[in-house]
Each structure stands twice: as structure tokens, then as C-alpha cells.
Amino acid sequence: GEYHINGLVAKLGASHITAKNDDTGAFIANSIPHTLLSDVSYQLENIDSVIGWRGRFSEENDELPATETPTDGYGVHDIYFRWQPKNIGNETLTVDLGVENITDKDYARRFGDLFEEGRNYAARIAYQW
């Protein structure tokens, strides 16, 4: 879902996949626990920018084959800034800056012993002509 009001944008999404072997009924490694995705951003029209927060929240994943390590639940927060000036003709310039996993949380999305990145800083510049 997505909601817009006066430059504020709120997005919310959810996912869940239970994967089982049709013959044996055993779970397979493609299961994804209940996961909630959220994004709140604000348009800064006067400087052609957007600033926002993104969150991913997941339950523990125990719907896995017996050989896999279950994952714990987690909540991860990101912040971001995007600048995309509008008055440069047909060309497009985009500058993205962000801090992902700002609390430096140890978490695993799919496999209990395969951890995702800790806090990281992201920068991207794209120019299209």
C-alpha cells in the first residue's frame, strides 16, 4: 500500500512464503517468514530532494529443512537522501546517499548462519544523457 499527503509518502508491504516438498511435506529452504516492509519519506520540493526512513521487520524463520539453522526475528532501519535536480534539460542527474542497518544489527534473512551486512554507508551518482 502507498499513501501520499502534502509531500509525505508512506508505504507498507508484507510477504510470507511457506515452501514445502509436495511429495514429503517437508519444508524446503525457500520459506520466508512473515516480513513487514515500511518506508516513510518526505519530498523537499524546494531543493528537488527526498529524505526518508525504511524499515524491515521479520519473525523468526523455523519453516526450514531439519539440516538448516533457523533465523531469529529482526528489525532493521535505514535512512536515505535523494537529490534529483529538475532543471537540467533532457539529462537526468541523481545523487543517492544512505545509511543501511543504522543500528548495526546482526541478522540473517534466509539462513541462520549466513548474516547480512552490518551498518553500511551507500553513495550513488547516476547521470543519464
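## Surface and burial

Let's start on the outside: the chain has an accessible surface of about 8700 Å², and carbon and sulfur atoms account for 54% of that area. Keep in mind that this is a predicted model.

As for the inside, 26% of the 129 residues in the chain are buried.

## Strands and overall shape

What will you see as you trace the chain? There are seven strands and zero helices, so the pattern along the sequence reads β-β-β-β-β-β-β. The radius of gyration is 19 Å, while the globule rule gives 14 Å for 129 residues; 19 Å is well over that, so the chain is more spread out than a compact globule.

The C-alpha trace spans about 60 × 30 × 30 Å along its principal axes. Now for contacts between residues at least 6 apart in sequence: 48% of them join residues at least 24 apart.

## The largest pocket

The largest pocket has a volume of about 290 Å³. It is lined by 19 residues, and the ones closest to its centre are Arg54, Tyr80, Phe81, Arg82 and Asp96.

Which elements give two or more residues to this lining? They are strands E2 (8-17), E3 (32-44), E4 (49-58), E5 (74-83), E6 (92-100) and E7 (120-128). E6 provides the largest share, with five residues. Sorted by class, the lining of the largest pocket holds nine nonpolar, seven charged and three polar residues.

Definitions and conventions
Residues numbered from 1 in each chain as written. Predicted model: local features only at pLDDT ≥ 70, side-chain atom pairs only at ≥ 80, totals over all residues. Heavy atoms only, no water. 1 Å grid on protein atoms, 1.4 Å probe; cavity = no way out; pocket = protein on both sides within 12 Å on 5 of 7 lines; lining within 4 Å. Points joined across faces, edges and corners; volume = space filled by probe spheres on them. Helix = DSSP H or I, 4+ residues; strand = E, 2+ residues; numbered from the N terminus. Nonpolar A, V, L, I, M, F, W, Y, C, P; charged D, E, K, R; others polar. Rg over C-alpha atoms; globule rule 2.2 N^0.38 Å. Buried < 20%, exposed > 50% of the residue type's maximum accessible area, 1.4 Å probe, protein only. Contact = heavy atoms within 4.5 Å. Areas by Shrake-Rupley, 256 points an atom, 1.4 Å probe, with all protein chains shown as cover.
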